[in-house]
Amino acid sequence: MPTKLIKYIKAVYSASFIQKNLKFLSSSPLYYAVLKTIIKKQSKKDRSGPYNLLIETSSSCNARCLMCPHSFMKRKRQIMTSVIFEKIITRLKKEKPLINKVILSGFGEPFLDRHFLDRLEKIKNLGYHVRFYTNASLLTKKIAQKLIDLGLDELNISLNGTTPSQYKKIMGLNYTQTIKNINQLLKLKRQRKSPFPKVQISSIIIKENEKSIQKHLKTWQRKADSVTVSLAHEWGGTIKLRSKKKFKKTSKTYPCRSLWHTLVIDSSGNFVICCRDYESKFKLGNIKTHTFKKVINHSARLVWQRLHLKYSREALPPICQKCNFPYQDGLEWLLPRFTD
């Protein structure tokens, strides 16, 4: 599939354009039958990798985002210990799992980890494609320079708000400082003529910012490498969506592809079955005791995959029944394997 077409499909999908304008297609029996055949074949391929590896070095966050359950998370807020991180590095070197990219993020702000840049360097030295998510409030000039020096591949900046007051209300941070930090990074990239990191500005649509989304897009399309706008997630039914613009859940249930292509390690070193499981309730083991192979073939992981392949809401684990993804027409299975 041509790259330009892939980017276009991804863009309209993230904006929920397909669900709105091609509803007749996704609701047709033919679409359902064809997609089931595709998913059957693709899920077998995805099972053998390569995988996206998500490593949460920080479960602490300095933001207070309205659309995020972090404020009432019961799991310990902490920075990953050196013992756990070094165990991850050791296993990656020894076991050599098939990894597509490493995402050095989880349910916290990476820059609260004072060892983050050293850890990023160790991951890059292993030859992996790396990205991470940040609110950029702590992105100093020194850090920005280091990110460029290390050859960070992708940086996703969560920016929700177009004015100081709006941004403060949504994220609880200083808008002026954050914008200064982002512009400083972009300026350094230009000065050093560096294509990396690719900077993506991402936003979540909620009641407080939905009227200013177009202004946001116009502003950052001229500056960043890419801009994305997504609908709010329900986080397993624990967040009440604060917008009229919501995912229109379809009557059909589709498998969530992340169960096949993403491996998650939380700040305690636990392998967690899903990145949306912010309390780490569904553990598959710990990096100190479990190999990547053991986790990939863990019976619970395989059971969850089988349950998703039943295409039935009632068959899904409870956390999945209240999640957005199984009810979005299964479009992720038509995209390239790794779009995260």
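Reader: Which residues are exposed on the other side of H5?
Author: Val-83 and Lys-94 are exposed there. Bear in mind that this is a predicted model.

Reader: And which residues of H5 are buried?
Author: Ile-84, Phe-85, Ile-88, Ile-89, Arg-91 and Leu-92. These buried residues lie on the same side of H5, because the arc they cover around the axis is only 165°.

Reader: What do they pack against?
Author: Two strands and two helices: the buried residues of H5 pack against strand E1 (51-55) and strand E7 (262-265), and also against helix H6 (116-125) and helix H12 (292-296).

Reader: How far does H5 reach from its first C-alpha to its last?
Author: Helix H5 runs over residues 82-95, 14 residues in total, and reaches 19 Å. That is close to the 20 Å expected at 1.5 Å a residue.

Reader: What comes just after H5?
Author: Lys-96, which takes a positive phi of about 50°.

Reader: Switching to the sheet. What is the strand order?
Author: E6-E5-E4-E3-E2-E1-E7-E8-E9, nine strands in an open sheet with mixed pairing. Strand E6 (226-231) and strand E9 (283-286) are the edges, each paired on one side only. Direction ignored, neighbouring strands are turned by 25° against each other on average.

Reader: In what sense do E3 and E4 pair?
Author: Parallel, over four bridges; strand E3 is residues 130-134 and strand E4 is residues 154-158. Within that pair, Phe-132 stands opposite Leu-155 in E4.

Reader: Which strands does H10 touch?
Author: Helix H10 (residues 213-221) packs on the sheet and touches strand E5 (198-205) and E6. The direction of H10 makes about 160° with that of E6.

Reader: Now the interior. How many residues does the largest nonpolar core have?
Author: It has 77 residues. Those with the most contacts inside it are Leu-53, Val-102, Leu-104, Ile-123, Phe-132, Leu-139 and Leu-147.

Reader: Which helix gives the most to this core?
Author: Helix H9 (residues 175-191), with six residues.

Reader: Take Val-102. What is it in contact with, leaving aside neighbours within four places in sequence?
Author: Val-102 is in contact with Leu-53, Ile-55, Ile-123, Tyr-128, His-129, Val-130 and Arg-131. Of these, Leu-53 and Ile-123 are also listed among the residues with the most contacts inside the core.

Reader: Which residues does the second core include?
Author: Met-73, Phe-107, Trp-235 and Tyr-278 are among them; this separate core has five residues.

Definitions and conventions: Residues are numbered from 1 along each chain as its sequence is written. This is a predicted model: local features need pLDDT of at least 70, side-chain atom pairs count only at pLDDT 80 or more; totals for chains, interfaces and linings use all residues. Side-chain values use heavy atoms; hydrogens and water are left out. Two strands pair if DSSP finds at least two bridges between them. Axes are lines fitted to C-alpha atoms, for helices over the stretch in contact, and angles run from 0 to 180 degrees between N-to-C directions. Contact means heavy atoms within 4.5 Å. The expected span of a helix is 1.5 Å times one less than its number of residues. Buried means under 20% relative accessible area, exposed over 50%, partly exposed in between (1.4 Å probe, protein chains only). The arc is that of the directions from the helix axis to the C-beta atoms. A nonpolar core is a set of buried Ala, Val, Leu, Ile, Met, Phe, Trp, Tyr and Cys residues joined through side-chain atoms within 4.5 Å.
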